[in-house]
Amino acid sequence: MKKQLLLLVLMLLPMVASAHDIAVQNADGKTIYYNYINDGKELAVTYRGPSYNTYSNEYTGSIVIPESVIYNNVTYSVTSIGGNAFRDCYSLTSVTIPNSVASIGSYAFEGCSGLTSPVYNSTLFAYLPIPFSGSYSIPDGIKVIYSSAFYGCSGLTSVTIPNSVTSIGSEAFSYCI
């Protein structure tokens, strides 16, 4: 009986595990959740809990993602924003992405209706807030426009894309009626 109970507990452990590997509080007191990537040498921003919607709206207000994080006396570079990382964080008003971030996963900013300013760093463009209307010029130097960056911007009338852009993600302009 004890062996069966132990086996059941071991089987259930992965079901209650969190999607994030570590949680670190920034200098501003806000906690950001991370996963180890690239053989544990770097970090990707992620959501809290076993799925993106377990803790709804866990990121609120202004979030500043640091270039690096010290955890257990080890310094890690923050190089990615994982898929769904900020999804449905409707009280999120701005995100500052450091230049160390070189990739963004799918739907990272989906449902972030409270964002009031575009989200980008020197080389990647992640998100234009809804509702945006009129013309928009992507800053020069941007190389990648990520998937769903303009998703649902129905008031968008034109976009100026600089020659520096080498890649535009799928669904970048979906539902831009």
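What percentage of the 177 residues in the protein chain is buried? Buried residues make up 37% of the chain. Welcome to this structure, which is a predicted model. Its secondary structure comes to one helix and 14 strands. Among contacts between residues at least 6 apart in sequence, 39% join residues at least 24 apart. The points below go through some strand pairs, a sheet, the largest pocket and a few individual residues.

**The hairpin of β1 and β2**

- Strand β1 covers residues 22–25 and strand β2 covers residues 31–37; the two run antiparallel and are joined by four bridges.
- Within this pairing, Ile22 has Tyr34 of β2 as its bridge partner.
- Strand β1 has two faces: Ile22 and Val24 sit on the covered one, while Ala23 and Gln25 sit on the uncovered one.
- Five residues lie between the strands of this hairpin, and Gly29 takes a positive phi near 90 degrees.

**The hairpin of β5 and β6**

- Another antiparallel pair is made by strand β5 (residues 68–71) and β6, with four bridges between them.
- Here Tyr71 is matched with Val74, its bridge partner in β6.
- The hairpin that β5 and β6 form has two residues between the strands.
- In that turn, Asn72 has a positive phi of about 50 degrees.

**An open sheet of four strands**

- Which strands form the open sheet, and in what order? The order is β9-β10-β12-β14, and the pairing is mixed.
- At the edges are β9 (119–120) and β14 (167–168), each of which pairs on one side only.
- Strand β9 and strand β10 (residues 124–127) run antiparallel, joined by two bridges.
- Val119 stands opposite Tyr127 of β10.

**The largest pocket**

- The largest pocket holds about 180 Å³ of space.
- It is lined by 18 residues, and those closest to its centre are Phe109, Glu110, Gly111, Tyr127 and Ser148.
- Sorted by class, the lining has 11 nonpolar, six polar and one charged residues.
- Tyr127 thus appears in two settings: it is among the residues closest to the pocket centre, and it stands opposite Val119 in the pairing with β10.

**Ser148, one of the residues closest to the pocket centre**

- You can find Ser148 in the loop between β12 (144–145) and β13 (155–160).
- Is Ser148 buried or exposed? Ser148 counts as buried because its relative accessible area is 6%, under the 20% cut-off.
- Setting aside residues up to four places away in sequence, Ser148 touches Tyr107, Tyr127, Ser170, Glu171 and Ala172.

**Two loop residues with a positive phi: Asn84 and Tyr107**

- Most residues other than glycine have a negative phi.
- Asn84 has a positive phi, near 65 degrees, and Tyr107 has a positive phi near 55 degrees.
- Asn84 lies in the loop between β6 (74–81) and β7 (92–96), whereas Tyr107 lies in the loop between β8 (103–104) and β9.
- Asn84 is buried because its relative accessible area of 18% is under 20%.
- Tyr107 is partly exposed, with a relative accessible area of 33%, because that value falls between the 20% and 50% cut-offs.
- The side chains of Asn84 and Arg87 are joined by a polar contact of 2.9 Å.
- Not counting residues up to four places away in sequence, Asn84 touches Tyr47, Tyr52, Ser106, Tyr107 and Ala108.
- Tyr107 is therefore a shared neighbour: it is touched by Asn84 and also by Ser148, where touching means heavy atoms within 4.5 Å.

**Val64 in strand β4**

- Val64 belongs to strand β4, which covers residues 61–64.
- How exposed is Val64, and what is its relative accessible area? Val64 is partly exposed, at 41%.
- Leaving aside neighbours within four places in sequence, Val64 is in contact with Asn26, Ile32 and Thr96.
- Val64 and Asp28 are 36 residues apart in sequence, and their C-alpha atoms are 8.7 Å apart in space.

Conventions: Residues numbered from 1 in each chain as written. Predicted model: local features only at pLDDT ≥ 70, side-chain atom pairs only at ≥ 80, totals over all residues. Heavy atoms only, no water. 1 Å grid on protein atoms, 1.4 Å probe; cavity = no way out; pocket = protein on both sides within 12 Å on 5 of 7 lines; lining within 4 Å. Points joined across faces, edges and corners; volume = space filled by probe spheres on them. Nonpolar A, V, L, I, M, F, W, Y, C, P; charged D, E, K, R; others polar. Buried < 20%, exposed > 50% of the residue type's maximum accessible area, 1.4 Å probe, protein only. Pairing = 2+ DSSP bridges. Polar contact = N/O pair within 3.5 Å; in protein donor to acceptor, adjacent residues only side chain to side chain.
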